[in-house]
Amino acid sequence: MSERAGASETAFWGETDDTEALQHYRTLLDTIDDGIYRLDADERLVSFNDAILEITGYTREELFGEHVSVLFGDDSATIEREIDRLRANAGDESGLLELTMETAEGEQIRCEVRVNVLNSGDSVHGTVGLVRDSGERKQSKTEATEATFRRLFENVPGNYLIVQPEDYEIVAVSDAYLDATMTDRTEIMGKTLFEIFPNNPDDPAEGAGNLRESLDRVAETGDADTMPVTHYPIPDRESDSNEFEERWWSPVNSPVFDTTGELDYIVHSVEDITPIVQELQAAGEQELLQDSETADSQLESDDSQVASDIVLRGQELLQEAKREAYEQLRESEERFRALVTTTSDAVFSTNADWSELHSLEGTDFLPDTDEHGPSWVEQHVPPEDQPRVQNAIDEAIRTKSSFELEHRVVREDDTVAWVVSRATPLVDENGDITRWLGAANDVTERVERERYLEDAKERLEAAAEAGAVGTWEWHIPDDQMVTSASFATKYGIDPDAATEGVSLDQFISAIHDDDRERVRRSIQDAIESGEEYEEEYRVWDADDELRWVVARGHVEYDDDGRPVSFPGALADITERKRFERRLEVSNERLEQFAYAASHDLQEPLRMVTSYLRLIESRYADELDEDGEEFIEFAVDGADRMHDMIKGLLEYSRVERRGDPFEPTDLDAVLGDVRRDLEMKIEENDAEITAESLPRVEGDPGQLRQVFQNLLSNAIEYSDDPPQVAVSAVRSGSEVLVSVADEGIGIDPDDSGRVFEIFQSLHAQDEHSGTGIGLALCKRIVERHGGEIWVESEPGEGATFSFTLPAASDDEA
């Protein structure tokens with residue numbers, strides 16, 4: 001405790017008796033609405049408020065006596081280390097621990113925890129802790145405050161109970177009172193004081209009548225009433241018969257007013273002084289009762305003297321009991337102060353109009369002010385926040401009610417902090433506010449974190465809008481699709497409703513009828529398989545325009561493997577689809593042109609070739625050597641033109657004339673190609689080796705063209721007897737096929753150009769070729785959804801590799 005707090009302690013509590021101190025406790029605790037627990041020296045739960053039960057879902061019986069790990073799991077080790085640190089360093093303040101609390105249902109909740117050690121001299125009695133839910137879970141302030149007060153009241157040392165002023169129904173009772181009267185809370189709550197403690201019908205005392213008169217005086221005058229020592233036997237709860245136990249009491253009845261000055265409750269506190277009376281009787285007063293047969297008559301005749309002696313002797317012993325009670329109160333106050341400093345960063349007091357403020361406990365981020373200078377709001381609240389803070393204070397003063405407000409304050413070092421202030425008025429017997437008690441928490445880190453997240457969200461939204469992107473998160477168990485505003489607009493969904501959440505059916509209803517079922521199946525497949533989700537489909541936007549979108553996302557699961565959320569993103573690809581469609585139309589026209597041109601060119605080319613052959617045969621005797629050479633060149637050119645036209649026809653037919661894909665055995669395809677090239681293989685003394693090849697999904701005729709072109713090139717571009725190896729390996733849903741030779745190789749700079757149409761790297765007198773074969777291979781592989789490439793160095797041979805989709809009915 002700081003020196004300033006110690007100096008203000010007397011002013012804070014004043015010269016109060018137990019009942020007034022209890023009222024101050026209650027008033028101050030009205031500002032606390034977090035979870036509170038207390039641990040014994042073995043770190044087991046010995047008390048906790050209703051907020052703990054509300055947050056965790058446990059019952060009081062399930063938690064009582066359990067180790068703190070039942071609430072915090074593995075994080076309890078962090079609490080234990082903090083407790084050890086505080087025990088070793090008594091002057092240190094507790095740090096803020098960010099931990100995970102486990103509920104009875106297995107849910108994990110992020111929370112902030114503070115702990116304080118409860119010391120009494122050199123011994124440690126345990127620890128008290130505060131739990132603040134750092135997520136969205138919130139408890140009603142009224143319920144939390146009432147529960148906090150009730151649990152603390154039940155643990156206050158001393159015999160207290162609280163009754164309503166009209167029928168004296170019991171609404172709260174301390175544990176000490178239950179022990180003193182040997183009663184149980186379940187049988188006492190909700191009943192009147194006189195139902196629980198009736199007069200003994202066989203020995204009617206004046207205790208019940210005196211007690212009722214005292215309670216009536218308090219209700220009528222509003223003043224506390226101290227009763228004389230009262231003889232009031234109580235029922236013996238351990239007896240099966242209607243027996244009563246002798247008891248003597250020293251009672252006090254005190255009023256409790258609400259904020260309007262109306263009598264709210266009466267606190268009934270008693271001291272059981274039966275041992276004192278018994279001591280007096282044993283010490284000499286028994287001579288007044290020495291003859292048992294005349295004891296009753298003597299007691300009646302000397303009743304006033306006995307009562308006087310009892311009171312005089314009792315006062316001496318009561319003073320000793322008061323001193324013991326004061327020590328208990330002091331220890332209770334220390335525990336209470338530890339609780340307050342655990343639940344709040346600062347506890348403060350102000351005068352009635354808030355012109356003067358003093359920090360009573362906790363950190364020094366709330367500077368003190370006095371009534372002679374500017375008000376606390378004027379001095380220590382930034383100008384932008386002053387109207388809002390002052391209005392809240394003025395309204396609370398007008399209504400004489402508590403308030404809570406989040407605002408900024410200027411610290412003593414001139415830095416600005418965000419705080420949550422809560423304050424409750426104290427009123428006098430006339431209902432006028434005398435001062436305010438409050439608590440404040442420094443929430444600067446939380447506010448800055450929230451603002452950072454809000455800024456990040458706004459930047460993300462702006463980026464999403466600029467990039468025609470939207471985001472969503474589908475909460476699967478409760479079927480709520482929460483989306484960004486841009487996403488909702490794309491789907492023609494009310495943006496306000498979308499940010500709160502709409503059902504999956506409402507989301508899917510905006511999808512084009514022809515795509516809707518496919519999207520639904522794809523979502524279900526992603527949930528069942530756990531694989532990444534990606535689909536392209538059409539949606540109707542808010543302007544009833546049809547847009548193309550691509551959606552990508554993934555499914556998240558809980559520890560039991562149940563799908564819980566499905567986050568993802570959406571991008572508008574309408575322009576891309578339009579461009580792709582224009583490109584498709586252009587390619588279709590180009591294919592049609594290429595097919596028509598090459599088809600129409602074949603007939604005149606055949607005619608040229610035929611007439612050249614006819615000239616060569618008919619006029620061979622008349623042609624000299626140059627003429628024969630010219631005709632040879634012309635025929636060769638016509639043949640090469642024929643091959644090029646034939647290749648161009650095949651190239652244009654890849655998309656137009658291709659057969660549907662089917663499971664295809666690559667071993668069978670390679671076998672057919674080897675038979676077709678049998679003569680070329682023998683002429684070049686080529687050796688072709690092949691591993692066992694897998695099955696793929698493809699067009700058998702086109703795959704045959706690929707192998708034939710690659711094998712022909714491997715034989716053609718080898719100086720020595722060609723050595724060709726064919727291999728394949730499956731990787732997931734793809735098959736990688738490789739054709740390797742030991743030929744002349746290719747410069748790496750030309751590895752891309754060789755696949756372009758009409759590109760040949762060698763002169764015709766070196767190697768024949770039309771420059772279409774590899775371009776045809778590339779187009780066929782791309783039609784199958786694969787890629788083709790070459791790895792080579794000049795003089796080191798070449799390896800052509802390409803990918804094909806694996807047959808769907810084959811095991812991976």
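Start by selecting C777: at 0% relative accessibility it counts as buried, where buried means under 20% relative accessible area, exposed means over 50%, and partly exposed is anything in between (1.4 Å probe, protein chains only). Then pick C111, which is buried as well, at 3% relative accessibility. How many disulfides does a search of the whole structure find? The search finds 0, a disulfide being a pair of cysteine sulfur atoms within 2.5 Å.

Before you go on, note that this is a predicted model, in which local features need pLDDT of at least 70 and side-chain atom pairs count only at pLDDT 80 or more, while totals for chains, interfaces and linings use all residues. Residues are numbered from 1 along each chain as its sequence is written, and side-chain values use heavy atoms, with hydrogens and water left out.

**The whole chain**

Zoom out and colour by pLDDT, the predictor's confidence in each residue, from 0 to 100. The chain averages 77, and 74% of the residues score at least 70. Now select residues 1-16, where pLDDT stays under 50 and the model has 28 contacts beyond four places in sequence; a contact means heavy atoms within 4.5 Å. Residues 26-31 are another stretch with pLDDT below 50, and this one has 27 contacts beyond near neighbours in sequence.

Switch to cartoon view and you have 28 helices and 31 strands to look through. These are DSSP runs numbered from the N terminus: helices are H or I with at least four residues, strands are E with at least two. Of the 812 residues of the chain, 42% count as buried. Among contacts between residues at least 6 apart in sequence, 55% join residues at least 24 apart.

**Aromatic rings**

Next, show the side chains of Phe, Tyr and Trp. Rings of these residues (for Trp, the six-membered ring) pair if their centres lie within 6.5 Å; planes under 30 degrees apart count as stacked, over 60 as edge-to-face, and the rest as tilted. By this rule there are 11 aromatic pairs.

Go to W354 and W436: the ring centres are 6.0 Å apart and the planes meet at 55°, so this pair is tilted. W354 sits in the loop between β14 (346-351) and β15 (357-362), while W436 is in strand β18 (residues 433-442), so to speak a link between distant parts of the chain, 82 residues apart. Both W354 and W436 are buried.

Now select W472 and F566, a tilted pair with 6.3 Å centre to centre and 50° between the planes. Here W472 is in strand β19 (residues 469-475) and F566 in strand β24 (residues 563-572), 94 residues apart, which again links distant parts of the chain. W472 and F566 are both buried.

Go back to W354 and add F348, F403 and W436: ring pairs link these four into a cluster.

**Charges over rings**

A charge sits over a ring if NZ of Lys or CZ of Arg is within 6 Å of the ring centre and within 35 degrees of the ring normal. Select R212 and F194 for one case: R212 lies over the face of F194, at 4.0 Å from the ring centre. For a lysine, try K577, whose charged end sits over the ring of W548, 4.5 Å from its centre.

**Salt bridges**

The structure has 31 salt bridges, each a side-chain nitrogen of Lys or Arg within 4 Å of a carboxyl oxygen of Asp or Glu.

Select R185 and D175, whose closest N and O atoms are 2.6 Å apart. R185 lies in helix α10 (residues 185-188) and D175 in helix α9 (residues 175-181), so the salt bridge ties together parts that are 10 residues apart in sequence. Both ends are partly exposed, R185 at 22% and D175 at 28%.

Move to R578 and E575, with the closest N and O atoms 2.7 Å apart. Both lie in helix α23 (residues 574-618), 3 residues apart, about one turn of the helix. R578 is partly exposed at 41%, and so is E575 at 49%.

Then find R704 and D676, where the closest N and O atoms are 2.4 Å apart. This pair links helix α27 (residues 700-716), which holds R704, with helix α25 (residues 666-676), which holds D676; the two residues are 28 apart. R704 is partly exposed at 31%, as is D676 at 42%.

For the last stop, select E384, D385, R388 and R408: salt bridges that share partners join them into one network.
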